[in-house]
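Dear colleague,

I am handing over the structure we spoke about, and you will find it just below. After it I have set out what was found, element by element, so that you can follow along in the viewer.

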Amino acid sequence: MEATASRMSVAMPTLRANSSSHESDAARALGKSFVRGRKLAMAAAGGVKNLQELSVRPVALVKAEAMGNLMDGLSAEEEEEEEDDGGLREECGVAGVYGDPEAGRLCYLALHALQHRGQEGAGIVSADNGALKAITGLGLVSEVFNEENLCQLSGASAIGHVRYATAGASVARNVQPFVASYRFGSVGVAHNGNLVNYKEIRSRLEDQGSIFNTSSDTEVVLHLIAQSKADSFILRLVEAMEQLEGAFSLVFITEDKLVAARDPHGFRPLVMGRRKNGAVVFASETCALDLIEATYEREVNHGEIVVVDKDGVSTMCLMPQKQRKACVFEHIYFSLPSSIVFGRSVYESRYEFGRILAEEAPVDCDVVIAVPDSGMVAALGYAGKSKVPFQQGLIRSHYVGRTFIEPSQKIRDFGVKLKLAPVRGVLEGKKVVVVDDSIVRGTTSSKIVRMIKDAGAKEVHMRIASPPIIGSCYYGVDTPSKEKLISYRMSIEETRKYIGADSLAFLPLHRLREMLGEEAPSFCFACFSGSYPVPPRDALQEAEGKERIEAGEEEEDRFARFLNQPERDIKLTNSLDSRSLEAALDVALALNGERDHPPQSREPEPEPEPAGVL
């Protein structure tokens, strides 16, 4: 605010506060106008042209206009805030092939194997005769690609991407891979992960003149490469990588190269393999290598850049390498059981999770069932350890996507009914143990419990093959804000009552660490512990902003109470602290058109009694 001591002599108008059924909302709206700043304040004032008019018009009418005009502005502002808050996280799958004449089709098959990692969009970029060709679209891999457009993806190198996004709207322009041209040619990129300093980088780039075409955090990588002053693509890439914070497993394609890069902590998986003809393959999981008959060679190391071109494979670790912090949730939920992720079998991990649950939380039961599909292997482990029969008590329709990675709560609620069908013959009259991989919001679990009980189960005991999720993930897993996480808001007993189970137990965090043994320090447990290896900078700034808003709302409430004092002449200067007074003064000066030359102090003109206006 520009208000100075000299402006403090400006007298504010006298208002007569009248009580009515709508006064409180109107007063709060008017309070918002002063606390939130000049722009909304001027909108709130509506037709008021100067201080004199404000002082003589019936205050109820002014406040009514203020409420209508201001709420229009606030609703648009809040919608914009909700849209921003809707997305900082992604969970995706990437693939890349170099040195095979069918590279585009091999990427297509690899994306099929990675479809569980993202179902909103898919794309492939191939390089042929010095040009990049991109085909992207919304939907499943089988919906985006067909024989006709696959024929266009000629060339011996290609990269691909399947996408689920909350970092950016579900629109076609946000579907990767992204392709851009710069001084040295063209480059395509596909990204799995989430950049925690994306907003900071994007703001800086926009200040420097960059124009963004998408709302995805991945696009900043292309801008950083284009703006670099380095002489080669690889050096530009290294310079760009050093500015990124958070989780990124990236594959790039140029006219003559294919490059894979992983963040210094290695949050997200990225593996390397080779086909019999020598073609080099990269993918998020080894299940993609298996499908296209590529042999798994190794992980791309954290902080490593692997370059594949006509001279072969070269590698460099130019980024500062830090302790690996691989996402343990890959083993709990996202990856296929057939994959090797972070050097460990996903199947063996989940089976052991179930065995530990049986040791930690035994219960008298007749049958063990799983919430398919990600709870299946853990349920087998639980049944094996507890010597209780495992049966399929819930049958999943494989024509409906996974609820955890669908974009809206409405779809999630509807999807539970479509996705699972109880088997009454397995459940009726039985004490049932239900094993699931995790509880996030709790809405799905409550519906599953109710469904099983409706099918005749005598008791339902939930066993969760992960610790309670108490923190959001900022490194690439689609978890909501912590306020929406049921384990953040409720104790285990409160959660049990909420979902309606007869008992509830989670995999203890200390037992998870024990199972991982010496490798435990190399895994990230942030969503279970709340301790983040890389500070989520964007999210912290948003949290600070929310705190400021909450503090402002307290001031707004105080101002609203002030304006609602019934049937008393009051002066605005009598009840506001200096911060709100300066804001009010600045608004008043803006309305009066006297920013540079404030008016002399004067007594306000009296307000006439309102004639029939409430």
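To begin with a single side chain, S186 and S181 are joined through their side chains by a polar contact of 3.3 Å; please bear in mind throughout that this is a predicted model. S186 lies in strand β7, which covers residues 185–195, and because its relative accessible area is 17%, below the 20% cut-off, S186 counts as buried. Leaving aside residues up to four places away in sequence, S186 touches L132, A180, S181, I253, T254 and E255. Of these contacts, the one with E255 links residues that are 69 apart along the chain, with their C-alpha atoms separated by 7.0 Å.

A second serine, S157, is found in strand β5, residues 157–165, and with a relative accessibility of 5% S157 also counts as buried. Its contacts, again without residues up to four places away in sequence, are V97, Y98, D100, A103, V125, S126, A127 and I253. I253 therefore appears in the contact lists of both S157 and S186.

K497, by contrast, is placed in helix α19, residues 492–499, and it counts as exposed because its relative accessibility is 58%, over the 50% cut-off. In sequence K497 and S446 are 51 residues apart, while the distance in space between their C-alpha atoms is 9.4 Å.

Turning to the helices, α13 runs over residues 346–360, and its 15 residues reach 21 Å from the first C-alpha to the last, which is close to the 21 Å expected at 1.5 Å a residue. At its N-terminal end α13 is capped by S345, a side-chain oxygen of which lies 3.4 Å from the backbone nitrogen of Y347. The buried residues in α13 are V346, S349, R350, F353, G354, I356, L357 and A358, so you will see that an arginine is on that list.

Helix α14, residues 376–386, has V377, A378, A379, G381, Y382 and A383 as its buried residues. These buried residues pack against α13 and also against three strands, namely β18 (367–370), β21 (431–436) and β22 (459–464). Just after α14, K387 takes a positive phi of about 60 degrees.

What is the angle at which the axes of α8 and α9 cross? The axes of α8 (residues 198–207) and α9 (residues 219–227) come within 10 Å and cross at roughly 45 degrees, which makes α8 oblique to α9. The crossing in which α8 passes α9 is left-handed. On the α8 side the residues that meet the partner helix are Y198, I201, R202 and L205, and on the α9 side they are V220, H223, L224 and Q227.

Finally, for the protein as a whole, the secondary structure comes to 23 helices and 25 strands. Buried residues make up 56% of the 614 residues. Of the contacts between residues at least 6 apart in sequence, 71% join residues that are at least 24 apart.

With best wishes

Methods:
Residues are numbered from 1 along each chain as its sequence is written. This is a predicted model: local features need pLDDT of at least 70, side-chain atom pairs count only at pLDDT 80 or more; totals for chains, interfaces and linings use all residues. Side-chain values use heavy atoms; hydrogens and water are left out. Helices (H or I, at least four residues) and strands (E, at least two) are DSSP runs, numbered from the N terminus. The expected span of a helix is 1.5 Å times one less than its number of residues. Buried means under 20% relative accessible area, exposed over 50%, partly exposed in between (1.4 Å probe, protein chains only). A polar contact is a pair of N or O atoms within 3.5 Å; within protein, one must be able to donate a hydrogen and the other to accept it, and residues adjacent in sequence count only if both atoms are side-chain atoms. Axes are lines fitted to C-alpha atoms, for helices over the stretch in contact, and angles run from 0 to 180 degrees between N-to-C directions. Angles under 35 degrees count as roughly parallel, over 145 as roughly antiparallel, 65 to 115 as roughly perpendicular and the rest as oblique. A crossing is left-handed if the near helix is turned anticlockwise from the far one by less than a right angle, and right-handed if clockwise. Contact means heavy atoms within 4.5 Å.
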